[in-house]
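Me: I would be grateful for a close examination of one part of this protein, namely a single sheet and the turn and core associated with it. Please treat the pairing of the strands, the placement of the side chains and the backbone angles in one connected account.

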Amino acid sequence: MSQQFLYWGIDQIFSATVDAPATGIDGATFRFDIGLDFRQNPIQTVLNDDITASIAEGKLTFSLPINGAALVSALGYEGTHTLNWQLRITLSGSSVPLPPIQGSVQVKPSFGETVVIVGTPTVQGQLLTGPAGAALSALRVVVADDSGLAYADKDTPAHAAAAIGLTTQSAAQGDTVNAPLVAVVNDAGWNWDATLPIWLGNSGQLTQVAPSNGFSRQVATVLFSDTIFFEPQEAILL
């Protein structure tokens, strides 16, 4: 199963799990099919071949770093793209590659609008904006309530389907807060596991411990150990 998304212009890790080949993957190369040239030949761009892999129970899981700048150069404009990929293996002593392992991945834009609104909590463009209902810490998930913006919580049913944003700085009560609804966020103090999603926890906390009660709502994907793509998904009631 291939990773579902990559993100425009961001250094990140691509990973996929596929049926294991009969051989190892020493010397394998990874490439994206970018499109067709004027002769209708596939244009294949190798973005990085620094591949790590493991095989267990007949499945090959491999990963490699994807350079964001190379992705930008290959695609040409920021938007949603679907890229086909190939993992090519050539046995030692042979010049003929084996049939490639293939898949596809969607590249999503990482841009966001910036709209500043002061007053009653409002969803504007890609921001949840309003006064802090209480003191708020940075890098917490927030929701609008009667007091202003407050921490979202997995055990509060009303927050399951609400618009939620992520604070990017701390705020005192009454301060105007602009919390992105969708954003690429980096923090040097983070050390996220790239194999796990990020869920909403209690009191606005980001967590990689899957909720067992309340509701489960994935709010972000790990791009790198210190970088996430915040994009809340639909909640699942537990």
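Reply: In this predicted model, strand β6, residues 59-66, runs antiparallel to β5 and is joined to it by 5 bridges. Within this pairing, S54 stands opposite T61 of β6, and A56 has K59 of β6 as its bridge partner. β6 also pairs with β2, again in the antiparallel sense, over 8 bridges; there, S15 has S63 in β6 as its bridge partner.

Taken together, these pairings give an open sheet of 3 strands in the order β2-β6-β5. Because β2 (12-19) and β5 (52-56) each have a single partner strand, they stand at the edges, and one side of each is left without a neighbour in the sheet. From one strand to the next, the twist averages 15°. Strands of a sheet pair through backbone hydrogen bonds, in either a parallel or an antiparallel arrangement.

The connection between β5 and β6 merits separate attention. These two strands form a hairpin with 2 residues between them, in which E57 takes a positive phi near 50°. E57 is a residue other than glycine, and its position is in the loop between β5 and β6. With a relative accessibility of 82%, E57 lies over the 50% cut-off and therefore counts as exposed.

The side chains of β6 follow next. In a regular strand, side chains alternate between the two faces of the sheet. Along β6, L60, F62, L64 and I66 point to one face and are buried, whereas K59, T61, S63 and P65 point to the other face and are not buried. Two residues named above in the pairing, T61 and S63, thus belong to the face that is not buried.

As to the nonpolar interior, the largest core has 23 residues, and F62 is one of those with the most contacts inside it, together with F14, F30, F32, I51, W85 and L87. At least two residues of this core are supplied by each of β2, β3 (29-36), β6, α1 (68-75), β7 (81-88) and β8 (101-108). β6 provides the largest share, 4 residues. Another core, of 21 residues, lies apart from this one and includes L139, L166, W192 and V222.

A further positive phi may be set beside that of E57. S203, which is not a glycine either, has a phi of about 55° and is placed in the loop between β16 (198-200) and β17 (206-207). At 38% relative accessibility, S203 counts as partly exposed, whereas E57 counts as exposed.

Notes: Residues numbered from 1 in each chain as written. Predicted model: local features only at pLDDT ≥ 70, side-chain atom pairs only at ≥ 80, totals over all residues. Heavy atoms only, no water. Pairing = 2+ DSSP bridges. Axes fitted to C-alpha atoms, helices over the stretch in contact; angles between N-to-C directions. Core = buried A, V, L, I, M, F, W, Y, C linked by side-chain atoms within 4.5 Å. Buried < 20%, exposed > 50% of the residue type's maximum accessible area, 1.4 Å probe, protein only.
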